[in-house]
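Trainee: Could we go through this model together, starting with a pocket and then turning to the aromatic rings?

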Amino acid sequence: MAAKDHSLSTPLLSSGNQHQPHVILTVHDQPDPPQSTSVSDRDPKSPFQSTDENCHNPFAFIRAHDGFEVPGSSTIDPFRNHTPKIEGLYEWLKILICLPIAAVRLVLFGLCLSIGYLMTKLALAGWKDKQNPMPKWRCRLMWVTRVCGRAILFTFGYHWIKRKGKPAPREIAPIVVSNHVSYIEPIFFFYELFPTIVSSESHDSMPFVGTIIRAMQVIYVDRFSRSSRKHAVNEIKRKASCNQFPRLLLFPEGTTSNGKVVISFQLGAFIPAYPVQPVVVRYPYVHFDQSWGNISVAKLMFRMFTQFHNFMEIEYLPLVYPNQNRKENASHFAQRTAHDIASSLNVAQTSHSYGDFMLLAKASESKQENPSLYMVEMAWIQSSLHLTALEALDFLDVYLSMNPDPSGHVEFRDFLRGLRLKPCGFSEKMFEFIDVRKIGKITFKQFLLGSAHILKQPLFRHACEVAFSDCDMNGKNYILKQELEDAVSLAIPNCYGDEINGLFSLFDVDNNGRISRDDFVSCLRRRPLLIALFAPKLLHRGSSLADQSLVEEVL
């Protein structure tokens with residue numbers, strides 16, 4: 001082909017070789033990833049594909065995109081008691097003056113509790129059929145215990161209690177819901193209404209208290225068990241539908257707050273769709289916050305005993321009816337009720353829940369300087385990411401192992417120490433995925449949301465199973481240290497010695513010198529970020545499928 005023949009009108013392909021075969025490349029689209037978590041070791045179809053995003057996002061292979069949403073953290077601490085310490089000359093003088101009075105109150109408290117306990121034992125004696133309402137004569141005996149309950153409130157300094165409104169008849173409103181501030185309002189409602197309550201199973205073993213709440217035909221619930229919660233809801237429906245049972249009392253917040261906000265409501269009181277009467281409890285104070293927050297029971301009781309008088313107000317609000325004109329879900333019913341209580345208290349509503357209290361308690365146990373920094377408004381987390389409180393606690397354990405600073409932040413080097421990783425480009429990408437603000441340090445909320453974002457990806461479980469199968473070279477159903485080192489070295493080169501020993505110890509959950517399938521999956525569920533270490537292996541598996549999809553046909 002001569003240069004002089006080239007022009008704008010010259011064909012790009014010469015027509016002189018018409019009998020040469022053409023090479024045609026046909027690229028087929030990849031199928032959608034399978035949703036099943038079952039794994040076949042010899043399945044050539046891998047959903048893990050390499051993309052341009054893999055260059056900067058080590059989790060793109062399971063389609064976990066970076067830039068996940070991290071809402072701003074609330075500065076509100078709904079569990080903080082505002083007077084945990086005795087401060088001021090007035091308080092110290094008052095305590096000194098009231099010490100003799102406190103001693104008398106303590107004796108009366110013990111006497112009332114003992115009498116109430118004995119009468120309750122008498123009322124329960126020989127009663128076997130606890131599935132049906134308590135017989136009337138046994139209820140009359142319980143009046144003695146109820147009066148003792150009011151006397152106990154008197155010993156705590158609640159000499160008079162201001163009431164506004166009245167309880168609706170049980171036939172109209174079988175369910176009463178109230179905000180929960182202290183252990184005082186359950187004693188008040190026991191005296192005032194003698195209701196059936198919903199309580200944690202752990203309360204049954206408490207001295208004195210366990211016996212008394214059994215007489216209230218308590219409905220026990222394990223908040224972490226789905227079957228237990230379902231059983232509790234069925235019992236609420238059954239007892240609310242029968243006027244022979246007492247009315248039901250629930251504290252839908254699920255724990256005590258300081259009364260300055262209304263935290264998210266659980267739905268047990270609203271699923272049965274019966275009319276609900278909200279009740280507002282207030283504890284006005286100047287020098288002594290009576291809320292049961294970050295303060296021990298013993299200290300709170302001592303402060304109550306050493307006050308001249310403690311103020312308490314009860315307000316029965318108008319009934320809230322489920323919307324009959326349209327199908328209203330329990331969540332909306334609960335929101336309307338919570339709004340009425342918050343409006344009456346003139347306070348804000350937050351998305352905190354009992355899960356936040358658990359996080360706060362865990363951070364306090366670990367001696368963090370500001371435990372409230374580790375609350376994340378778990379109600380929002382649970383509804384948007386379907387992450388349980390127990391899973392959040394596991395993530396907090398991992399985060400605390402990174403030794404956060406007093407402001408609750410973790411820097412890159414501590415991040416690596418917590419995950420037993422060495423500094424390299426790949427581990428930097430893992431950190432940058434969590435560091436959405438790109439400031440070189442992360443908060444617990446960022447770590448939690450980033451970990452949950454990975455954990456809840458549809459491909460995550462599948463990736464765990466495939467990674468285990470690929471590491472288990474001989475199909476012996478466990479992984480040895482050398483096999484883990486070989487797999488991880490594809491992502492983090494030169495990872496050996498103390499580094500691989502530390503990583504192996506994380507995966508070897510039962511410390512038996514080898515990593516079973518359960519160990520492997522359990523470790524990755526607690527530390528989802530570590531799934532990125534197996535990305536090169538999984539992408540290599542995916543490349544074989546890509547090669548098959550690129551078909552060369554010679555015509």
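Trainee: Which helix gives the most to the lining of the second largest pocket?

Mentor: This is a predicted model, in which local features need pLDDT of at least 70 and side-chain atom pairs count only at pLDDT 80 or more, while totals for chains, interfaces and linings use all residues. Residues are numbered from 1 along each chain as its sequence is written, and side-chain values use heavy atoms, with hydrogens and water left out. A pocket is an open set of points on a 1 Å grid over the protein atoms alone where a 1.4 Å probe fits, with protein on both sides within 12 Å along at least five of seven lines, and lining residues have an atom within 4 Å of a point. With five residues, the most is given by helix α2 (residues 136-155; a helix is a DSSP run of H or I, at least four residues).

Trainee: How do Tyr 374 and Phe 444 pair, and what is the angle between the planes?

Mentor: Rings of Phe, Tyr and Trp (its six-membered ring) pair if their centres lie within 6.5 Å, and planes under 30 degrees apart count as stacked, over 60 as edge-to-face and the rest as tilted. Tyr 374, in the loop between α8 and α9, and Phe 444, in helix α13, are 70 residues apart, and both are buried (under 20% relative accessible area, 1.4 Å probe, protein chains only). Their pair is tilted, with 6.2 Å centre to centre and an angle between the planes of 50°.

Trainee: Which residue has its charged end over the ring of Tyr 478, 4.3 Å from its centre?

Mentor: A charge sits over a ring if NZ of Lys or CZ of Arg is within 6 Å of the ring centre and within 35 degrees of the ring normal. Lys 476 lies over the face of Tyr 478 at 5.4 Å from the ring centre, whereas the residue at 4.3 Å is Arg 514.

Notes: Helix = DSSP H or I, 4+ residues; strand = E, 2+ residues; numbered from the N terminus. Buried < 20%, exposed > 50% of the residue type's maximum accessible area, 1.4 Å probe, protein only.
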